[in-house]
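Hi,

Here is the structure I promised to pass on. Have a look at it first, and my notes follow underneath.

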Amino acid sequence: MKLLTRICWLLLGIVFIFSGLVKLNDPIGTALKLEEYFEVFAKDFGSFFSVFVPHSRTLSLVLSSLEVVLGVALLLRWMLRKTLWVLLALLVFFGFLTFYSAAFNKVTDCGCFGDFIKLTPWASFTKDMVLLALWVVVFLNQRYLRRVFAKGTTGVMYITIASAVAVGIGVRALGHLPYFDFLPYKMGNNIPKLMKPQEQAKYQYVMERNGESKTFAEYPTDSTWKYKSMEVLNPDVSKPVITDFSIFDADGTDHTQDILKGNKLLLIVQSTQSADRDRFKDINKLMTEAAKSRKQIQPLIVTSSSPQEFDAFRHDVNLPGTYYFADATVLKSMIRSNPGFILLQDGTVKGKYHYHDIPETSKLEELL
């Protein structure tokens, strides 16, 4: 029991630290997931939850940092009993979210481990129940964890450092791009290739005859077998990774294939209402210089705002260039910056830039 308790204690602390760090890698992605939950709760339980939507980024940073700090506190056994009670509160909270998502099919991905590890709703709930079981073992056997690795002032100092590091990681990721990009539009990925399945779908068919069920690799020609069900054997590689990338103009004409040819510098303006306007002097300068590049870079603008909203916005910030439209969710997946730049070469992502890190034209030419 002593060994089991220490294993559970170690796993619980490591998982909380890992989960928090993965979320802090992309706090905007975590905030988007929180917004999704708040919108669902506002609809199902009451409009009160919509109050939290504007504060989703702050909550993302606080909750993710709290996971890291609690994990560190648990491993140090600092104020162990109080730490365990706070951990229980988080586990119950996350358990409720994942159960509600799974039982009522509300949020298909809890975002427990960001975009690094995708879990189905029931898998997420199972994960939370396993963590709760680990918590129970640790809580009931605290006598085996009497030794504290950081007491008094030393413990406070370690927790303060852990808090500062966690918040610092998240704040920097908020002001720039994620440290590690796990999204389909990461650097090096070829968008046209990911819009096609890697393999042709393979199926197996379950047929029934006279109460007997049998599985076939091909649909049987014998008409005495009656169809019962069908299963895709390779679902992960028989579906395109990118299914919703579509660029069109104000008239609805599709320009997706044109965007994926040649050297393109895409300025992504996800929403004119929340776009940071302070950097558009530098953004406009890059757009103008890129158009004159010896690498024949074509600067384009893509937004999810309405044509009327964007037309007023571009005149307000003196933004030159041709502009197109795309789905808001697609643009949020493409880059965690509003506005932000993506450099494409025949559909391959060669560079991504936050508006705090606007590159020189020479840097774009080097990448091409």
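I'll start with one residue and then zoom out. Leaving aside residues up to four places away in sequence, Thr83 touches Leu70, Ala73, Leu74 and Trp78. Do keep in mind that this is a predicted model.

With Trp78 there is also a polar pairing: a polar atom of the Thr83 side chain sits 2.9 Å from the backbone oxygen of Trp78. Thr83 itself belongs to helix 4, which runs over residues 80–104.

Is Thr83 buried or exposed? It counts as buried because its relative accessibility is 6%, and the cut-off for buried is under 20%. If you want a sense of distance, try Asp346: it is 263 residues from Thr83 in sequence, and the two C-alpha atoms are 52 Å apart in space.

Now for the whole chain. It has 368 residues, and 45% of them are buried. I get 13 helices and eight strands for the secondary structure. Along the principal axes, the C-alpha atoms fill a box of roughly 75 × 70 × 45 Å.

How much of the contact set joins residues at least 24 apart? Taking contacts between residues at least 6 apart in sequence, the share is 71%.

On the surface side, the chain exposes about 19,500 Å², with 58% of that supplied by carbon and sulfur atoms. As for charges, there are 41 positive and 35 negative ones, and their mean positions lie 11 Å apart.

Shout if you'd like to go through any of this together.

Cheers

Note on methods:
Residues are numbered from 1 along each chain as its sequence is written. This is a predicted model: local features need pLDDT of at least 70, side-chain atom pairs count only at pLDDT 80 or more; totals for chains, interfaces and linings use all residues. Side-chain values use heavy atoms; hydrogens and water are left out. Helices (H or I, at least four residues) and strands (E, at least two) are DSSP runs, numbered from the N terminus. Buried means under 20% relative accessible area, exposed over 50%, partly exposed in between (1.4 Å probe, protein chains only). Contact means heavy atoms within 4.5 Å. Accessible areas come from the Shrake-Rupley method with a 1.4 Å probe; for residues, only the protein chains shown count as cover. Lys and Arg count as positive and Asp and Glu as negative; His and the chain ends are not counted. The place of a charge is taken as NZ of Lys, CZ of Arg, CG of Asp or CD of Glu. A polar contact is a pair of N or O atoms within 3.5 Å; within protein, one must be able to donate a hydrogen and the other to accept it, and residues adjacent in sequence count only if both atoms are side-chain atoms.
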